Amino acid sequence: MKDIDKESTRGHNSVSANLTPAIDREQMTIQFYDTPSRKKLTFRPLEPGKVRMYSCGPTVWDYAHIGNFRCFLFYDVLKRYLQYRGLEVEHVMNLTDVDDRIVQQVNDRDDGTLDDYVQTYIDGFYDDIDALGILRADRYPRATEHIPEMLDLIQRLIDNDVAYERDGSVYFAITRFPDYGRFAHLDTSGMRAGARVDTDKYDKEDVRDFVLWKAWVETDGDLAWDSPWGRGRPGWHLECSCMSMTYLGETFDIHTGGVDLIFPHHQNEIAQSEGATGKTFSQYWMHSEFLNIDGVGMSKSVGNNMRLRELRTGEVAGKAAEDVAGFRYFVVTNHYRTTLNFTREALDGAIRARQRLNRLHGRLLATAEDSNNDDTDWAGAIESARSDFIEAMDDDLNAPRAMAAVFGLAGKAERALSAGRITAAGATMIRTFLEEVSAVLGILGKDEGAQDQSPPNPELPEELARMVRDRQQARASKDWERSDELRDSLAAAGVTLTD
Ligand code: AMP
Ligand code: ZN
């Protein structure tokens, strides 16, 4: 655990607390969409003021792609928002450092250990999250450093008669855990024999059973650990049950991941954890939607697996720093439960919207002189923007609606600045509010914008122009829901509409 502890000390760069409009437990107004409940639930942490959160992390067999980072950015905003609301967050995210792909890659090479192989991608992962301004988790436990804890968990499952050994492998017996399938809303009675929840080819009691411990096979080479059932390695689902409970306790507050993990991964985690402890595993489950590229899902076979590294070279839309910050802006200002379509235009749009806010921030920073004809009630305007921002984020992290509130105030500030009608005190208040928003979303650059005083580009890119036309159409056909949705998305892209 030495390395983990070392990493964890680098993790604490949390949001400044003095800006935080804190809430107490009785007045909790935050609602999150809980996957198994299929509805929004009021969020109440088990321990008042403290949130324990676990996130499924990357498999470090390669550099992570921008789809993975969509997911990790969702974790980041969730954590930052909870901190902004005055809650302490203990965040654990695993690194899967052993799986079929890693075993194959290591064995295909003549030299180097598993540790050497994965270290490249672990370093790459930290480097990428830092570039994206993702706050470090408190811990990044690695599967291979928790084998004893995993063996204990398997033994508990065997003792509880929900797991069995067969030829050196250990399986979870789905039929002996009556709740299996409830989380993912599966009808297991209708699951035909042959419906796989696991892809390995070992001999199980029931084809639906999934593996907890995989017996060594020749292709594993030296990559195996000792266990009471013989040499082998842990199953993927097991590591998350084990490492989350090791660090966060048998019941914790929030478990997060991408939607692809709902089944079988999270269903299996629940079966393993609750099958061992008899207690609720996680109180809330939150899942982020996928990111596609040019309308197509990312996959090796299509060849569109864009790694964050490629954005970091600046080859996609222009300057590297802007591409990365623009990518972050694009992801965090959209709703985490909508499928994101990453396109060159979308990235350009996000870069522009972000620049607009940074430009405004810089101009406000440079406003030193008092105007004597500023009679705007900035405190009132900010209070109203802040309460709209909080109301939107409290509503299952509705970032597009939250950004509409921010841009409403930003537009007002830009007009006042251009007319030379703003006091230094007003400018400071607005600037501080933008920084407050950025503590949650991470959308302001450090030194950007101060010199650039040009007005925002008035020409709308085609994608945004089309959204404006769609919205006019939605209004004409009285489709208010669609119309509001488009208005919020446009606002998040920096386009404020006045009807
Ligand atoms: P992996 O490294 O494959 O274990 O994935 C790490 C995380 O990224 C998981 O939580 C996945 O749900 C998530 N993920 C994988 N592909 C995508 C994608 N295209 N869009 C969004 N999230 C993804
Ligand atoms: Zn997991």
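In this predicted model, helix α7 is followed by Gly278, whose phi is positive, near 75 degrees. The helix itself comprises residues 262-277, and its 16 residues reach 21 Å from the first C-alpha to the last, close to the 22 Å expected at 1.5 Å a residue. Of these 16 residues of α7, 14 are buried, so the helix is largely enclosed by the rest of the structure.

A zinc ion (ligand 2) is coordinated by Cys56 through SG, by Cys240 through SG and by His265 through NE2, at 2.1 to 2.2 Å, and the spacing of these donor residues in sequence is C-x183-C-x24-H. Cys56 lies in the loop between β3 and α2, whereas Cys240 belongs to helix α6 (residues 236-248), so the pair ties together parts that are 184 residues apart in sequence. Cys56 is buried, with a relative accessible area of 5%, and Cys240 likewise counts as buried, at 0% relative accessibility.

The strand β3 that precedes this loop is part of an open sheet of four strands, which pair in parallel in the order β4-β3-β9-β10. The edge strands, each pairing on one side only, are β4 (88-93) and β10 (282-288), and the twist from one strand to the next averages 25 degrees. Within the sheet, β3 (residues 50-55) is joined by three bridges to β9 (residues 252-258), which runs parallel to β3, and Tyr54 stands opposite His255 in β9. Helix α2 (residues 66-84) packs on the sheet, where it touches β3, β4, β9 and β10, and its direction makes about 150 degrees with that of β9.

How values were computed:
Residues are numbered from 1 along each chain as its sequence is written. Chains are lettered from A and ligands numbered from 1 in the order in which they are written. This is a predicted model: local features need pLDDT of at least 70, side-chain atom pairs count only at pLDDT 80 or more; totals for chains, interfaces and linings use all residues. Side-chain values use heavy atoms; hydrogens and water are left out. Two strands pair if DSSP finds at least two bridges between them. Helices (H or I, at least four residues) and strands (E, at least two) are DSSP runs, numbered from the N terminus. Axes are lines fitted to C-alpha atoms, for helices over the stretch in contact, and angles run from 0 to 180 degrees between N-to-C directions. Contact means heavy atoms within 4.5 Å. The expected span of a helix is 1.5 Å times one less than its number of residues. Buried means under 20% relative accessible area, exposed over 50%, partly exposed in between (1.4 Å probe, protein chains only). Donors are N, O and S atoms within 2.8 Å of the metal (3.2 Å for Na, K and Ca); water is not among the atoms, so sites may look incomplete.
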